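Open the model in your viewer and show it as a cartoon. The tour goes from the whole chain to one helix and then to one of its neighbours.

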Amino acid sequence: MGKTTVALALGLAAARRGLRTIVCEVAHQERFSRLMGREGVGYEETEIADNLNAISLDQQHTLEEWVTYQLPSKTLAGMLYRSGIFQHLTSAAPGIKELVTIGKIWELAQLHRKSKDARPYDFVVVDSPATGHGLGMLRAPRTFADVARVGPIRHQADRIHDFIVSDKTGVLAVALPEEMPVNETLEYRDELMAFRGELDAVVVNGLYPERFTDEEIASLNGHRGPAVRAAITEHHRYRGQQEELERLGGGVGDVPLTCLPFVFAAELGLPEVEELSGVLEEQIA
């Protein structure tokens, strides 16, 4: 739950600052709900803490809602959505499902919402799919606009794309201090720069503390026992994480790095996320 934990921690930090915030989960896995220790929020904007709302997005609901907004009649929209031809076309159209998902997120971030009863948000946090899938979702408006070429759908796709690449939107990468996650983050950064620009920040999650010096570990040579093995293993892990953190920092250049500690808990819950949120808020202030 690394990036999910960071997304919720960021949402809590924004809410504490008085910003009306919503955290959006993509893929309908209800991870926010589990971290908050509550029932699933589903496809509804649900308050989960003071100033903090959550929504769990899935392609079925986002596509159905998108069709409803495109047509003047809900009855007609329902008939179209349930038709086999429409389902076939949406399955074949490149980027349409990703477009309606990012379109819903874009709508949440607008001052004037589509529903007259929906209140605007000051801050929208998205727990997007990992690496390639997340990048595909960001690219979807441009991909679909190139296919549509003209018409209202092209116009909407262009508006969403312009919003994504504007200074109103930030992209924050979350990485563990390990070889493969660092490689993926650096590759993601390169691909992102090709169509949007630089990452706005990187959060490195799960950093072990330095509890032993190299000299202290060296002095354990010749000693045995589970405590000694645990100390040596932890120190080696700490050293390995520091090497990957240095490599990541060199790879992203001037992009700000924020580091969150490893939480020694059997299962993460709200107290642990709030603790991480406080650390995150101190570093991004």
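The stops below say what to select and what is found there.

Start with everything selected. This is a predicted model. The chain holds twelve helices and seven strands. Of its 285 residues, 42% are buried. Among contacts with a separation of 6 or more, 69% join residues 24 or more positions apart.

Next, select residues 270-284, which form helix α12. The end C-alpha atoms of α12 lie 21 Å apart, in agreement with the 21 Å that its 15 residues should span at 1.5 Å a residue.

Within α12, show the side chains of V273, L276, S277, L280 and E281, the buried residues of this helix. Look down the axis of α12: these residues fall within an arc of 145 degrees, so they line one face of the helix. The general background is that an α-helix has 3.6 residues a turn, so residues three or four places apart point the same way. Now add P271 and E282, exposed residues on the face of α12 turned away from its buried side.

To see what covers the buried residues of α12, select α1 (2-16), α2 (31-36), β6 (201-207) and β7 (257-261), which are among the covering elements.

Finally, keep α1 and α12 alone. Their axes are 8 Å apart and the packing angle is about 70 degrees. An angle of 65 to 115 degrees counts as roughly perpendicular, and α1 and α12 are therefore roughly perpendicular to each other. The crossing of α1 past α12 is right-handed. Residues making this contact include T5, L8, L12 and R16 on α1, and V273, L276, L280 and I284 on α12.

Conventions. Residues numbered from 1 in each chain as written. Predicted model: local features only at pLDDT ≥ 70, side-chain atom pairs only at ≥ 80, totals over all residues. Heavy atoms only, no water. Helix = DSSP H or I, 4+ residues; strand = E, 2+ residues; numbered from the N terminus. Expected span 1.5 Å × (residues − 1). Buried < 20%, exposed > 50% of the residue type's maximum accessible area, 1.4 Å probe, protein only. Arc of directions from axis to C-beta. Contact = heavy atoms within 4.5 Å. Axes fitted to C-alpha atoms, helices over the stretch in contact; angles between N-to-C directions. Parallel < 35°, antiparallel > 145°, perpendicular 65-115°, else oblique. Left-handed = near helix turned anticlockwise from the far one by under 90°.
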